[in-house]
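Please look over the chain shown here. A short report on its fold follows.

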Amino acid sequence: MDRLEQSRNDLKIRLDEIEESGYRLSCSRNKDWVNNIFKDIQNTDFTSIDEISIQIEVFRVGKDVFLKGLFNTTVRTSCVKCLDSFDLPIEAIFHYNLCAADEKELLPEKEINKADLDLSCYQGDSIDVVPLLREQIILNVPSYPLCQEACKGICPQCGLNLNHSLCQCDKKEVTSSRFEILKELSLKQ
Ligand SMILES: [Zn+2]
Ligand SMILES: [Zn+2]
């Protein structure tokens, strides 16, 4: 990666670039850029397979900056139920109210709770959008990815992926016989 690319990776918006009508930023980053973010999450099972397109709108009132953003990309992950690999499109809209760091006492990172997440600070005369994007990408990947809402999972007996075919194991009998016993018990009472 050359220097030019590195500085472009900064994605910094200078305050004096934000005019009264706002500032718009539309760009994309390649999948390596996204994968670098995933590298920081432990035990992650997400791989970016597509570039990420980013749109950001920024407005400013004095030193307060309002940022509205949207990104979309596609990641590859595996289903927690059937373990199949699948591609998941991710699109997210996010908002940040940013205030100048000198106007608000900077809290140590761990004291900022989740409710304050959308209130952040910037330092100096520019806003680095990368940490905000990082945060949003991490927040928007599912912690329980499913290949489909109605994923049938894996047969606990033979290990067959039940989305692809049905196995011969008879699981119904196990559950129904339990119900039969319960029914009989309640009838006896
Ligand atoms: Zn699945
Ligand atoms: Zn089976």
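Where is the place of F46? F46 sits in the loop between α2 and β3. The model is a predicted one.

**F46 and its surroundings**

F46 is buried, because 21 other C-beta atoms lie within 10 Å and the cut-off for burial is 20 or more. F46 touches F38, V75, T77 and V141, leaving aside residues up to four places away in sequence. V34 is 12 residues from F46 along the chain. The C-alpha atoms of F46 and V34 are separated by 9.8 Å.

**Overall layout**

The chain holds four helices and eight strands. Read along the sequence, the order is α-β-β-α-β-β-β-β-β-β-α-α. The chain has 189 residues, and 13% of them count as buried. Contacts with a separation of 6 or more were also sorted by distance along the chain. Of these, 56% join residues 24 or more positions apart.

**Strand pairing around β5**

Strand β5 covers residues 64-78. Its pairings with β3, β4 and β6 are set out below.

| Strand | Residues | Partner | Sense | Bridges |
|---|---|---|---|---|
| β3 | 47-48 | β5 | antiparallel | two |
| β4 | 52-61 | β5 | antiparallel | nine |
| β6 | 85-100 | β5 | antiparallel | 14 |

Single residue pairs help to fix the register. T47 stands opposite R76 in β5. L70 stands opposite I93 in β6. N72 can be followed across two pairings. N72 of β5 is the bridge partner of S53. In β6, the bridge partner of N72 is E91.

In a regular strand, side chains alternate between the two faces of the sheet.

**Two hairpins**

β4 and β5 form a hairpin with two residues between them. G62 is in the turn and has a positive phi of about 60°. K63 is in the loop between β4 and β5. Is K63 buried, exposed or partly exposed? K63 is partly exposed, because 14 other C-beta atoms lie within 10 Å; 12 or fewer would make a residue exposed, and 20 or more would make it buried. K63 and L15 are 48 residues apart in sequence. Their C-alpha atoms are 8.4 Å apart in space.

β5 and β6 also form a hairpin, with six residues between the strands. L83 lies in that loop, between β5 and β6. L83 has a positive phi of about 70° although it is not a glycine. Most residues other than glycine have a negative phi. L83 is exposed, because 12 other C-beta atoms lie within 10 Å and the cut-off for exposure is 12 or fewer.

**The nonpolar core**

Which residues have the most contacts inside the largest nonpolar core? They are V58, V65, L67, I127, V129 and L133, in a core of 16 residues. α2 (31-39), β4, β5 and α3 (130-140) each supply at least two residues of this core. V65 touches V58, R60, L98, Y122 and I127, again leaving aside residues up to four places away in sequence. Two of these contacts, V58 and I127, are also named among the core residues with the most contacts.

In soluble globular proteins, nonpolar side chains tend to be buried together.

**Helix α3**

L132, L133 and I137 are buried in α3. Seen down the helix axis, the buried residues of α3 fall within an arc of 130°, so they line one face of the helix. What covers these buried residues includes α2, β4, β5 and β6. The face of α3 turned away from the buried side carries the exposed residues P131 and L139.

**In brief**

β5 pairs antiparallel with β3, with β4 and with β6. α3 turns a buried face towards a cover that includes β4, β5, β6 and α2. Both α3 and β5 supply at least two residues of the largest nonpolar core. L83, in the loop between β5 and β6, is exposed. F46, in the loop between α2 and β3, is buried.

Notes: Residues numbered from 1 in each chain as written. Chains lettered and ligands numbered in written order. Predicted model: local features only at pLDDT ≥ 70, side-chain atom pairs only at ≥ 80, totals over all residues. Pairing = 2+ DSSP bridges. Contact = placed C-beta atoms within 7 Å. Core = buried A, V, L, I, M, F, W, Y, C linked by C-beta atoms within 7 Å. Arc of directions from axis to C-beta.
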